[in-house]
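Open your viewer and get ready to select residues. This tour tells you what to pick next and what is there.

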Amino acid sequence: MAIVRLQDGRIRAVRVLLLEESPDDCELAAHELRRDGFAVMTAHTALEALESARLARPDIILANMSPEGLVFAAACKELPQLASVPIIGITGHLDGLYSDELTALSGGFQKLLRKPLTLAVFRDAIARLFS
C-alpha cells in the first residue's frame with residue numbers, strides 16, 4: 001500500500017492527482033493506482049486539475065506531457081500552496097516537444113516518464129523524489 005506518515009504519527013494513503021485528457025486512459029491509470037493503494041483524484045483539463053489540487057492538496061501530481069499538462073505545471077509554480085508538490089510528467093511521444101525532458105523540467109515537471117507506465121516505474125519515481 002502507498003502510504004505516508006503524518007507528523008502526528010498517523011498514516012494515510014498517498015494522494016495522487018492525475019491529469020490526463022483521455023477519459024479512457026485516465027480511468028485505466030486511476031484504477032491501477034487505486035488498486036495499488038493510492039488515493040487518486042482525476043482531472044481532464046488544466047483548470048479542473050488546478051481546482052482539485054487547491055482543494056485536495058495532493059502529495060504528488062501525475063500529468064500528461066501535453067498543452068494541458070504544461071499549462072497546469074506552469075500555473076502550479078506560481079501558486080504557493082502547490083509550488084512544492086512534485087509533478088511527474090508522462091508522455092507517449094517518442095520525439096518532439098512533448099517527449100523532451102528539458103522541456104518538461106523547465107516547464108515545472110520534476111521528472112518525465114514514458115508510456116506505457118507501470119506501477120513499478122511510478123513507485124520508483126516517487127521514491128526517488130521523496131528520498
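We start with the sheet, move to the helices and cores, and end with charged pairs.

**Stop 1: the sheet**

Before you click, note that this is a predicted model. Show the strands as a cartoon. Look for an open sheet of 5 strands with parallel pairing. Trace the order across it: β4-β3-β5-β6-β7. Which strands stand at the edges? They are β4 and β7, and β7 covers residues 111–114. Each has a single partner strand, so one side of each has no neighbour in the sheet. Now tilt the view. Neighbouring strands of this sheet are turned against each other by 25° on average, direction ignored.

**Stop 2: strand β3**

Select residues 15–19, which form β3. Is this strand mostly covered or mostly open? It is mostly covered, with 4 of its 5 residues buried.

Add β4, residues 39–43. β3 and β4 pair in the parallel sense over 5 bridges. Click Leu18 and look across to Thr42 in β4, which stands opposite.

Now add β5, residues 60–64. β3 and β5 also pair in the parallel sense, over 4 bridges. Two pairs are worth labelling here. Val16 has Ile60 of β5 as its bridge partner. Leu17 stands opposite Ile61, again in β5.

While the strand is on screen, recall a general rule. In a regular strand, side chains alternate between the two faces of the sheet.

**Stop 3: two helices on the sheet**

Select α1, residues 23–35. This helix lies across β3, β4 and β5. Its direction runs at about 170° to β4. Follow the chain from β3 through α1 to β4. Those three elements make a right-handed β-α-β unit.

Next, select α2, residues 46–56. It packs on the sheet and touches β3 and β4. Its direction makes about 170° with that of β3.

Pause in the loop between α2 and β5, where you will find Arg57. Arg57 has a positive phi of about 50°, although it is not a glycine. At 43% relative accessibility, Arg57 is partly exposed.

**Stop 4: the nonpolar cores**

Show side chains as spheres. The largest nonpolar core has 21 residues. Which of them have the most contacts inside it? Select Leu17, Ile61, Phe72, Cys76, Ile87 and Phe109. Several elements build this core. β3, β4, α2, β5 and α3 (67–78) each supply at least two residues.

Zoom in on Phe72. What does it touch, leaving out residues up to four places away in sequence? The list is Leu17, Leu19, Ala46, Ala49, Leu50, Ala53, Ile61 and Ile87.

Another core lies apart from the core around Phe72. This second core has 17 residues, including Cys26, Leu33, Leu62 and Phe122.

**Stop 5: the salt bridges**

Switch to sticks and look for charged side chains. Side chains of opposite charge can pair when their charged atoms come close. How many salt bridges does a search of the whole structure find? It finds 4. We visit some of them.

Select Arg35 and Glu32. Their side chains meet in a salt bridge at 2.9 Å, N to O. Both sit in α1, 3 residues apart, so about one helical turn separates them. Is Arg35 buried or exposed? Arg35 is exposed, with a relative accessible area of 61%. Its partner Glu32 is partly exposed, at 23%.

Now select Asp36 and Arg123. Their side chains form a salt bridge at 2.8 Å, N to O. This pair links distant parts of the chain, 87 residues apart. Asp36 is in the loop between α1 and β4, while Arg123 is in helix α5, residues 119–130. Arg123 is partly exposed, with a relative accessible area of 39%.

Stay in α5 and select Arg128 and Asp124. Their side chains meet in a salt bridge at 2.9 Å, N to O. Both lie in this helix, 4 residues apart, about one turn. Arg128 is exposed, at 59% relative accessibility. Asp124 is partly exposed, with a relative accessible area of 37%.

How values were computed:
Residues numbered from 1 in each chain as written. Predicted model: local features only at pLDDT ≥ 70, side-chain atom pairs only at ≥ 80, totals over all residues. Heavy atoms only, no water. Buried < 20%, exposed > 50% of the residue type's maximum accessible area, 1.4 Å probe, protein only. Pairing = 2+ DSSP bridges. Axes fitted to C-alpha atoms, helices over the stretch in contact; angles between N-to-C directions. Contact = heavy atoms within 4.5 Å. Core = buried A, V, L, I, M, F, W, Y, C linked by side-chain atoms within 4.5 Å. Right-handed = clockwise from strand over helix to strand, strands pointing away.
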